[in-house]
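Reader: Hey, can you walk me through this one? I'd like to start with the empty space inside.

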Amino acid sequence: KIDSLNVFFIKSDLANKNASLKILEKISNIRFDLIINNAGKIYNKESFQKNLYLNALTHFRLTYFFLKKRKKGKLNVINISSYYHLLLNSSEKDLISLFNKKSLNPTKAYAISKLYLITLSNYLEAKFFKRCNFFNIDPGIIKSNFTRDSSTVKKKIFYFIRKILGKNPKSISKEIVNIIRRNPKIIKSKILYNKFNRPHILTYNKEFQNKIFNLATKSEKKN
């Protein structure tokens, strides 16, 4: 029953590079059984690094923290991904040198942030395989407010297309629950893809995983 649960909210800007530290000050002692990483936004080209924090690095830091301290049972982690990351044509060198750039195409930055999240999740799942299950899920086009506040004509058009043709969020939520309940190795979702369908090939590259992990932890230490 909902009345018996202790529910509390934390207001935080996950695009801020210090967001994870501020959140952990309030929830570090909680034992989670499920984490859903579902924040997302596309920023302008000058603020592209906010994409990395909002869509990947803050999620990674929080998940990594709770996996390191977990002793018993498995933590289920759901990452809401995006097919955008499959459209990347960037070289591995370009993907690793992002923190040295001053600007980047917003859509490309968003796609890279989703690639980062899946790559880091694959790294963590291999490192803590006895403590976790990761599900990288691409729900496709959903009726949501994503890109609603955008100032570009293209993104405003996409927002209206999303509202007209997008899938119902409730049906997607039910499908996500079903993926967790059943064995995804045997039964694949008809609506979503999960970790047993192949995302970008680089996300499985161990050397690339290590490089992105080192970048993510190095940027955290700098903060």
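Reader: Which helix gives the largest share of the lining of the largest cavity?

Author: Helix 4, with four residues. Helices are DSSP runs of H or I with at least four residues, strands are E runs of at least two, and both are numbered from the N terminus. A cavity is a set of points on a 1 Å grid over the protein atoms alone where a 1.4 Å probe fits but cannot get out, and lining residues have an atom within 4 Å of a point.

Reader: Is this predicted or what, and how do I count residues?

Author: It's a predicted model: local features need pLDDT of at least 70, side-chain atom pairs count only at pLDDT 80 or more, and totals for chains, interfaces and linings use all residues. Residues are numbered from 1 along each chain as its sequence is written, and side-chain values use heavy atoms, with hydrogens and water left out.

Reader: What's the volume of the largest cavity?

Author: About 30 Å³, taken as the space filled by probe spheres set on the points, which are joined across faces, edges and corners. Its lining includes H59, F60 and L117.

Reader: OK, new topic. How are the strands of the sheet ordered?

Author: Three strands make an open sheet, order 1-2-3, with parallel pairing; two strands pair if DSSP finds at least two bridges between them. Strand 1 (34-37) and strand 3 (132-137) are the edges.

Reader: And which residue is the bridge partner of I35 in strand 2?

Author: V77. Strand 1 and strand 2 (residues 75-80) pair over four bridges.

Key. 1 Å grid on protein atoms, 1.4 Å probe; cavity = no way out; pocket = protein on both sides within 12 Å on 5 of 7 lines; lining within 4 Å.
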